[in-house]
Amino acid sequence: MGAKCNGAVPGESVKKDENSRRGNWGNQIEFVLTSVGYAVGLGNVWRFPYLCYRNGGGAFMLPYFIMLIFCGLPLFFLELSFGQFASLGCLGVWKISPMFKGVGYGMMVVSTYIGIYYNVVICIAFYYFFMSMTNLLPWTYCNNSWNTPDCSGVVDPNSYLNSSLANATRSLLTGVSEVVNRTKRTSPSEEYWKHHVLDVSDDIGNFGEVRLPILGCLAVSWFVVFLCLIRGVKSSGKVVYFTATFPYVVLTILFIRGITLEGAFNGIKYYLTPQWEKVLDAKVWGDAASQIFYSLGCAWGGLITMASYNKFHNNCFRDSIIISITNCATSVYAGFVIFSILGFMAHHLNVPVSEVADHGPGLAFVAYPEALTLLPISPLWSLLFFSSVVDEIGTDWIIRNKTVVTLTVAILGFVLGVPLTTQAGIYWLLLMDNYAASFSLVVISCIMCICVMHVYGHRNYFKDVEMMLGFPPPLFFRVCWRFISPVIISFILVFTVIQYKPITYNDYVYPGWSLAIGFSMALSSVICIPIYALYKISSSPGATFKERLRHACRPHPKWGPALQEHRTGRYAPMASEDTVEVRPLKEKEELKPEPKEEKKEEISLTIQGSNGSTNTHNNPNPSA
C-alpha cells in the first residue's frame with residue numbers, strides 16, 4: 001500500500017529502484033528540500049520584490065499567478081518527470097529526440113550566464129554578512145564619509161529634528177520645492193548601497209576601479225561553489241535540512257518586525273493593489289513569465305539533473321506540486337517583508353512608496369538592511385539573514401564533475417565575474433538579468449514542450465509517465481503541455497517584441513551598443529538549438545532531407561528507463577536482438593489482439609518508425 005501511495009507499481013519493492021551506477025538521494029525528503037533550496041532563494045527574496053516594485057506592485061501579481069498555474073506548474077512537472085524517467089542529466093535526456101539536444105546545450109549556456117551574475121549577488125550577500133560583524137551596523141546612521149546632506153536616518157538621534165525642520169520647510173515653500181525636497185531625502189541603507197558598496201559610475205562603459213572588498217567576496221563565493229559541486233548527491237543532500245529551512249526563520253522574524261512598523265500598511269497596500277493600466281503592458285507579462293522560470297529553475301537544466309537521481313517510481317507529481325507552491329508562496333511572503341519595510345521608509349522620508357528606493361536589483365540590499373537596523377541586537381540578525389542568503393550558494397545548476405574540472409570552472413566563473421565587481425558592475429548585472437536569463441528561458445521551455453509532446457508524441461510520453469508513477473498525468477497537465485503552455489509563451493514572446501522598451505537603471509538609459517551585447521547573450525543560448533539540429537540532420541543517414549530529418553527526430557535506441565528491471569513493455573529487450581528497441585504506442589484500434597504472424601510484422605514496422613533503419617548498434621549493457 002505504501003509503495004502504491006508513493007507512485008510505485010503495485011507489487012514491486014521500492015528498494016529495487018536503487019541505481020548503484022549513478023546513486024540516488026538518501027531519501028525523498030532530501031530531494032524535496034534540495035529542490036526547494038534550488039528553487040527558493042535569491043530569486044524569491046531578491047528578484048521577485050524588485051520586479052514587483054518595478055511593475056507596479058499588485059499589477060505584477062495577476063500575470064505572475066496566471067503564469068504559475070498555466071506554465072510554471074506544468075513545466076516544472078514536465079522537467080522532473082523527464083529527468084526521473086531516463087535517469088539522465090540535461091544533455092542525456094535528449095535521447096528522446098536527438099535533433100533537439102541543442103536545447104540541453106542552451107540550458108547549459110543559460111546556467112553559465114546565471115551562474116556568473118548570480119554569484120555576484122551572492123558575493124554582495126557575503127559582503128553584508130562580513131560587515132554585519134560589528135557592534136554598530138554601518139548603514140544605521142548618516143554620519144559616515146559616504147553619506148550626503150540628503151540622508152535621513154531612521155534611528156538617527158537627530159532624525160526628529162531633521163524631520164521637524166523638513167516639515168517646517170515644506171509648509172513654507174512652494175509645491176515645486178516640496179517635490180525637490182522629496183526626491184533628495186534618502187535612507188542611510190540606500191546611500192550605503194549606492195555610494196559605499198557599489199560607488200556606481202556614470203556609464204556602463206565607465207568601469208572605473210574594481211571594488212576590492214566585493215572582489216574578495218566573489219572569490220569566497222566561487223570557492224563555496226567549488227566545495228558544493230565536488231560533493232556527491234548523498235552528502236550534499238544532508239546539508240539542505242538546514243539550508244532549505246533556516247531562511248524561513250529569518251524571513252518570519254523580518255516579517256513580524258516589518259508589519260509592526262509605522263507606515264507598513266501603505267507599503268503592503270501598494271504591493272496588493274493592481275495598477276490596471278500596467279496589466280496590459282506586455283513587459284509586465286514577460287517579467288512575470290521570466291520570474292516564474294527563474295525562481296522555479298525551469299529551463300536551467302538543474303531540475304532535470306536533480307530529478308535524475310530519484311528512484312524510478314518516486315511520485316514526482318506530488319513533489320512538483322509541493323515545491324512549486326512552496327516556491328511561489330515564499331516569493332509572496334518575501335514581498336510582504338519588502339513592501340512593509342518600503343512602506344515604513346516611505347512614511348519616514350515622506351515620499352510615495354513608488355519613489356522610496358531604486359527600481360532595480362539593489363532593492364533587497366536597501367530594504368532588508370533597513371529592517372535589520374530596527375531589530376534588537378541588529379548585527380546578529382543581519383549576520384543570520386545574510387548567512388541564510390549565502391546558503392543558497394549550495395544549489396547546483398551544473399552537473400557535478402571531477403575535482404580538477406570543477407576547480408577550472410570555478411576559476412573561469414570567477415574571472416568572468418570580475419567586470420561585475422567594478423563601479424559599472426550594477427549596470428552589467430541588470431543587463432544580464434534582463435537578457436541572458438529572461439527571453440532565453442521561455443524559448444527553451446516552449447521548444448522542450450513542442451519536442452516532447454509533438455515530436456516524440458504525447459501518447460508515448462503519457463504512457464512513459466504512467467509506467468513510472470503508476471498513473472497517467474492529470475488531464476490539466478496534459479492539456480497544458482500540449483497546447484496552453486506553448487501558446488501562452490508564444491503570445492508573450494510576440495507581444496514582448498512588439499512592445500519592446502530598452503531597459504533603464506533609474507534615470508540611466510542604456511546605450512545601443514550595450515543592448516546589442518544583451519541581445520547577443522539572449523541569442524547565444526537559443527542559437528544552440530537550430531545549430532545542433534542542422535548538424536544532427538546533416539550527419540543522419542538518409543538519401544533525402546526528409547529521411548534525414550525523420551531519422552534525427554526518432555528516439556535513440558537507448559532512450560528509456562536506465563535500469564534493466566524497469567525496461568518493460570515497449571522498452572523490453574527483444575529476444576532476437578542484443579539491443580533494446582523502443583516501440584512507439586499504437587492507436588487503440590491497433591492494440592487489439594492479433595494473430596502471431598501479423599503481430600510480428602507490426603513490430604518490425606514500428607521499430608522502423610521509432611528508431612530508423614535496422615539497429616545494428618551493439619549494447620552490452622542495456623541498463624547503462
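In this predicted model, Val225 is buried, with a relative accessible area of 4%. The residue belongs to helix α9. A useful way to get a feel for such a fold is to set distance along the chain beside distance in space. Val225 and Val409 are 184 residues apart in sequence, yet their C-alpha atoms are 9.9 Å apart in space. A second pair can be read in the same manner. Leu251, a residue of helix α11 (residues 246–259), is separated from Val337 by 86 residues in sequence and by 7.3 Å in space, C-alpha to C-alpha. Leu251 is likewise buried, at a relative accessible area of 4%.

Helix α8 deserves a look of its own. Eight of its 11 residues are buried, so the helix is largely enclosed by the rest of the structure. The buried residues are Pro188, Ser189, Glu190, Glu191, Tyr192, Trp193, Val197 and Leu198. Just after α8 comes Asp199, whose phi is near 50°, a positive value in a residue other than glycine. Asp199 sits in the loop between α8 and α9 (212–229) and is partly exposed, since its relative accessible area is 27%. A similar backbone feature can be found at Asn506, which is not a glycine but has a positive phi of about 55°. Asn506 is placed in the loop between β1 (504–505) and β2, and with a relative accessible area of 33% it is partly exposed.

Empty space inside the model comes next. Rolling a probe the size of a water molecule over the atoms shows where such space is left. The structure holds eight cavities of 30 Å³ or more, and the second largest of them has a volume of about 90 Å³. Its lining is made up of Val120, Ile124, Val197, Leu198, Arg211, Ile214, Leu420, Thr421, Thr422, Gly425, Ile426 and Leu429. Three elements give two or more residues each to this lining: α5 (101–131), α8 (188–198) and α20 (425–435). Which of them gives the largest share of the lining? That element is α20, with three residues. Sorted by class, the lining of the second largest cavity has eight nonpolar, three polar and one charged residues. Readers following the structure on screen may like to return to helix α8 here, as Val197 and Leu198 appear in the cavity lining and are also listed among the buried residues of that helix.

Aromatic rings provide another view of how parts of the chain meet. The count comes to 46 aromatic pairs. One of these is formed by Tyr427 and Tyr508, a tilted pair with 4.7 Å centre to centre and 40° between the planes. Tyr427 lies in helix α20 and Tyr508 in strand β2 (residues 508–509), so the pair ties together parts that are 81 residues apart in sequence. Are these two rings' residues buried or exposed? Tyr427 counts as buried at 5% relative accessibility, and Tyr508 counts as buried at 14%. A ring can also have a charge over its face, as with Phe462: Arg478 lies over the face of this ring, at 5.9 Å from the ring centre.

Finally, some residues carry an annotation from a database record. An unreviewed UniProt entry gives the annotation "binding site" to Gly37, Ala39, Val40, Ser295 and Asn327. For Asn44, too, the unreviewed UniProt entry lists "binding site". Where do Ser295 and Asn44 lie in the model? Ser295 is part of helix α14 (residues 282–296), while Asn44 is part of helix α3 (residues 42–54). Ser295 is buried, with a relative accessible area of 1%. Asn44 counts as buried as well, because its relative accessibility is 0%, and buried here means under 20%.

Conventions:
Residues are numbered from 1 along each chain as its sequence is written. This is a predicted model: local features need pLDDT of at least 70, side-chain atom pairs count only at pLDDT 80 or more; totals for chains, interfaces and linings use all residues. Side-chain values use heavy atoms; hydrogens and water are left out. UniProt positions are given in the numbering used here, feature names are shortened, and annotations may be inferred rather than shown by experiment. Helices (H or I, at least four residues) and strands (E, at least two) are DSSP runs, numbered from the N terminus. Buried means under 20% relative accessible area, exposed over 50%, partly exposed in between (1.4 Å probe, protein chains only). On a 1 Å grid over the protein atoms alone, a cavity is a set of points where a 1.4 Å probe fits but cannot get out, and a pocket is an open set with protein on both sides within 12 Å along at least five of seven lines; lining residues have an atom within 4 Å of a point. Grid points are joined across faces, edges and corners, and a volume is the space filled by probe spheres set on the points. Ala, Val, Leu, Ile, Met, Phe, Trp, Tyr, Cys and Pro count as nonpolar, Asp, Glu, Lys and Arg as charged, and the others, Gly among them, as polar. Rings of Phe, Tyr and Trp (its six-membered ring) pair if their centres lie within 6.5 Å; planes under 30 degrees apart count as stacked, over 60 as edge-to-face and the rest as tilted. A charge sits over a ring if NZ of Lys or CZ of Arg is within 6 Å of the ring centre and within 35 degrees of the ring normal.
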